[in-house]
Amino acid sequence: MLISIDPASPQPLADQVAASVRAALAGGTAAPGDRLPSARNVAAALGINLHTVLRGYQQLRDEGLVELRRGRAAVITDNADRLRLRLAEAAEEFARAALHTGASEEEALAAARTAWQTLRR
């Protein structure tokens, strides 16, 4: 299934639903024009509340990645920019790693700046 969650994660389930779709877009397993599974089917398959899935889909709609039409499938829009999605995912992964190590926001940003400057040379 395109969408997966980790019930043990501290990340809200709706955020995980949206992140799964973003990951599929960034990884090329989903593309503009593809239909997402119905929220009802996702909720049943994952054992979560229908409204949780809808919140995840609404996040994607608010980001311009998905078009939602009542009574119809959610469709990935042409606005699904892969580079932007990859950057957002990388930033999220970096933030998780920084939080996991106990780094402060300032320490994390300093590490990112150092890496940026090193790569730009």
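Visitor: How many helices and strands does the secondary structure of the chain come to?
Guide: This is a predicted model. Its secondary structure combines helices with strands, and the tally is five helices and two strands.

Visitor: In what order do the elements of the chain run from the N terminus on?
Guide: Three helices lead, and two strands follow. Two further helices finish the chain. Written out, the order is α-α-α-β-β-α-α.

Visitor: What does the C-alpha trace of the chain span along its principal axes?
Guide: The chain has 121 residues. Along the principal axes, their C-alpha trace spans about 50 × 30 × 20 Å.

Visitor: Which residues does the UniProt annotation "domain: HTH gntR-type" cover?
Guide: The annotation comes from an unreviewed UniProt entry. In the model, the annotated span is 52% helix and 6% strand. Its end C-alpha atoms lie 25 Å apart. The record places the domain at residues 11–79.

Visitor: What share of the accessible surface of the chain belongs to carbon and sulfur atoms?
Guide: The accessible surface comes to about 8,100 Å². Buried residues make up 29% of the chain. Of the accessible surface, the carbon and sulfur share is 53%.

Visitor: How far apart do the centres of the positive and negative side chains lie?
Guide: The chain has 15 positive side chains and 14 negative ones. Each set has its own centre, and the two centres lie apart by 7 Å.

Visitor: What share of the contacts with a separation of 6 or more comes from residues 24 or more positions apart?
Guide: The count takes in contacts in the chain with a separation of 6 or more. Of these, residues 24 or more positions apart account for 54%.

Visitor: Which helix gives the most to the largest nonpolar core?
Guide: The core has 23 residues, and those with the most contacts inside it are Val-17, Leu-25, Leu-36, Val-53, Tyr-57 and Leu-60. Helix 1 (13–27), helix 2 (39–46) and helix 3 (50–62) each supply at least two residues of this core. With six residues, the top contributor is helix 1.

Visitor: Is Gln-16 buried or exposed?
Guide: Gln-16 sits in helix 1. Beyond four places in sequence, it touches Ser-4, Ile-5, Asp-6, Ser-9 and Gln-11. Its relative accessible area is 6%, so Gln-16 is buried.

Visitor: Which residues is Thr-52 in contact with, leaving aside its neighbours within four places in sequence?
Guide: Thr-52 belongs to helix 3. Thr-52 counts as buried because its relative accessibility is 9%. Its contacts beyond the sequence neighbours are Leu-13 and Ala-14.

Visitor: Which residues does Ala-39 touch, not counting residues up to four places away in sequence?
Guide: Ala-39 lies in helix 2. A relative accessible area of 10% makes Ala-39 buried. Its C-alpha is 21 Å from that of Asn-79, which is 40 residues away in sequence. The residues Ala-39 touches are Leu-50, Val-53, Leu-54 and Tyr-57.

Visitor: What is the relative accessible area of Leu-65?
Guide: Leu-65 is found in the loop between helix 3 and strand 1 (66–67). In sequence, Leu-65 and Ala-30 are 35 residues apart; C-alpha to C-alpha, they are 11 Å apart. Leu-65 is buried, and its relative accessible area is 0%.

Visitor: Why does Ala-98 count as buried?
Guide: Ala-98 lies in helix 4 (residues 82–101). Buried means under 20% relative accessible area. Ala-98 counts as buried because its relative accessibility is 11%.

Visitor: Which residues is Ala-98 in contact with, leaving aside its neighbours within four places in sequence?
Guide: Leu-109 is 11 residues from Ala-98 along the chain, and their C-alpha atoms are separated by 9.4 Å. Leaving aside neighbours within four places, the contacts of Ala-98 are Ala-103 and Ala-108.

Visitor: How does Ala-91 count by its relative accessible area: buried, exposed or partly exposed?
Guide: Ala-91 also has its place in helix 4. The C-alpha atoms of Ala-91 and Leu-36 are separated by 25 Å, with their positions 55 residues apart along the chain. Buried means under 20% and exposed means over 50%. The relative accessible area of Ala-91 is 40%, so this residue is partly exposed.

Definitions and conventions: Residues are numbered from 1 along each chain as its sequence is written. This is a predicted model: local features need pLDDT of at least 70, side-chain atom pairs count only at pLDDT 80 or more; totals for chains, interfaces and linings use all residues. Side-chain values use heavy atoms; hydrogens and water are left out. UniProt positions are given in the numbering used here, feature names are shortened, and annotations may be inferred rather than shown by experiment. Helices (H or I, at least four residues) and strands (E, at least two) are DSSP runs, numbered from the N terminus. Buried means under 20% relative accessible area, exposed over 50%, partly exposed in between (1.4 Å probe, protein chains only). Contact means heavy atoms within 4.5 Å. Accessible areas come from the Shrake-Rupley method with a 1.4 Å probe; for residues, only the protein chains shown count as cover. Lys and Arg count as positive and Asp and Glu as negative; His and the chain ends are not counted. The place of a charge is taken as NZ of Lys, CZ of Arg, CG of Asp or CD of Glu. A nonpolar core is a set of buried Ala, Val, Leu, Ile, Met, Phe, Trp, Tyr and Cys residues joined through side-chain atoms within 4.5 Å.
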